[in-house]
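Reader: Before I rely on any of the descriptive words used for this model, I would like to see how each of them is reached. Please take me through the reasoning.

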Amino acid sequence: MRIVDIRATTVSVPLEAPLRHSNGEHWGRFVRTIVEVITDEGLIGLGEMGGGGESAELQFQGLKQYLVGHDPFDLEALRFKICNPTASLYNNRTQLMAAIEFACLDIIGQSLGIPVHKFLGGKLRDEVAFASYLFFRYSSDDGLYPEVRTIGQLVDHTRDLKERYGFRTHKLKAGVFHPEYELEAYQELARAFPQDSLRIDPNACWSVEQSIWFARRIEGIRNDYLEDPTWGLNGLRRVGEKTRIPLATNTVVVNFEQLAQNVLHPAVDVILLDTTFWGGMRACIKAAAVCETFQLGAAVHSSGELGIQLSTMLHLGAVLPNLTFAIDAHYHHLRDDILVGGKMKMERGKMKVPDGPGLGITLDRDKLAHYAALYQREGSYPYDRDSRRPGWYPLLPNDRWADANQSE
Ligand SMILES: [Mg+2]
């Protein structure tokens, strides 16, 4: 079987409401690139990458000179063709590689008539558990979804998500307001949901000293871990030396070089694997095996997915023996998806692992066209800017907090 064409389409899919984080905001939508790899046997594999626009589409078009004629089964050759580690110094293609790998795995599964998890080790579980992923947010423009700013609003929002989806784990995206306010919010969540486990992630925007201060005050809470309180392996190591809560990262251990450093000079306890950032599902499985060997914790990060990437997270979650944590997803904050059947279902805080051939999902071409047209109208947005705070940008460590007393 040979690859004969690659198509890339940028889409913009609305979120329920704009989500706030330490660097800015998701401006009420996710922009993603949907990738289709087409073979001479008529099979089409699906991939997905964060961001999009003309430049991303051109990058995928540029890969055709490398990949037309390539056999989708030859996954290791694929890696060296487009992602050779020394050539990558000049052309960072890790995320492109991931999208193409998803599509090739989808093709292989379709070709063999088996789900991807079946040839990535076989599934160890039929469902994968998710964390609620709580954000402070602005109210939606259409007024359907209220702001989440006060602690009462945050608890109500958590209760609403728990009722709708059954989450037993709550992750709070922090780093928006002053750490003292976010400590109060986190402690209130622990009081309101005493049976559930919690984790908090300020996207690395606190100083080492603030991180230690925060960690010591949440020691009595049922924490999964404290995620990226500060930046850098050295900063995290210093925090870890002075706290009893496991530390997790999706920012400073995102490749094998960094994973090796973290084994040789331990700084972080739990590694959040991301099928995009690591360059594919197979890279995540390899990384999880290193974590298993050295008894580091493994969990799954969300970089803001639609259903194609979500399915890669489900197949990954199904085959990792050492996945002991609920995985992260932004998915439930979306209003729609580009798959046939609409959004995949979440019940009791879990999603079923797809069992159809390949990734087990089908692209809805009407939805693809609809959300591609929406992207053409709305364009991209800057992830590291806040639409309601013009001119603002954060420092590291940050001290330019949003005002929790003021609706923006
Ligand atoms: Mg994170």
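Author: Two residues are in contact if their C-beta atoms, placed from the backbone, lie within 7 Å. The model is predicted, and by that criterion 35 residues of domain 1 are in contact with 34 residues of domain 2.

Reader: What makes up the side of domain 1 that touches domain 2?

Author: The elements that each give two or more residues to this side are the strands β1 (3-14), β2 (19-21), β4 (29-39) and β5 (44-50), together with the helices α3 (75-83), α4 (94-112) and α13 (365-378). The largest share, 8 residues, comes from α4, and by class the side holds 20 nonpolar, 9 polar and 6 charged residues.

Reader: How are the two domains bounded, and how far apart do their C-alpha centres lie?

Author: Domain 1 takes in 3-113 + 365-378, while domain 2 runs over 118-352, and their C-alpha centres lie 24 Å apart.

Reader: Why is helix α6 called oblique to helix α7?

Author: The axes of α6 (residues 151-165) and α7 (residues 179-192) come within 10 Å and cross at roughly 40°. Angles under 35 degrees count as roughly parallel and 65 to 115 as roughly perpendicular, and since the crossing belongs to neither range, α6 is therefore oblique to α7. The crossing is also right-handed.

Reader: Which residues meet where α6 and α7 are in contact, and how do they divide by class?

Author: Ile151, Leu154, Val155 and Thr158 in α6 meet Glu184, Ala185, Glu188, Leu189 and Ala192 in α7. The residues of this contact divide into 6 nonpolar, 1 polar and 2 charged.

Definitions and conventions. Residues are numbered from 1 along each chain as its sequence is written. This is a predicted model: local features need pLDDT of at least 70, side-chain atom pairs count only at pLDDT 80 or more; totals for chains, interfaces and linings use all residues. Domain bounds come from an automatic or database domain assignment. Helices (H or I, at least four residues) and strands (E, at least two) are DSSP runs, numbered from the N terminus. Ala, Val, Leu, Ile, Met, Phe, Trp, Tyr, Cys and Pro count as nonpolar, Asp, Glu, Lys and Arg as charged, and the others, Gly among them, as polar. Axes are lines fitted to C-alpha atoms, for helices over the stretch in contact, and angles run from 0 to 180 degrees between N-to-C directions. Angles under 35 degrees count as roughly parallel, over 145 as roughly antiparallel, 65 to 115 as roughly perpendicular and the rest as oblique. A crossing is left-handed if the near helix is turned anticlockwise from the far one by less than a right angle, and right-handed if clockwise.
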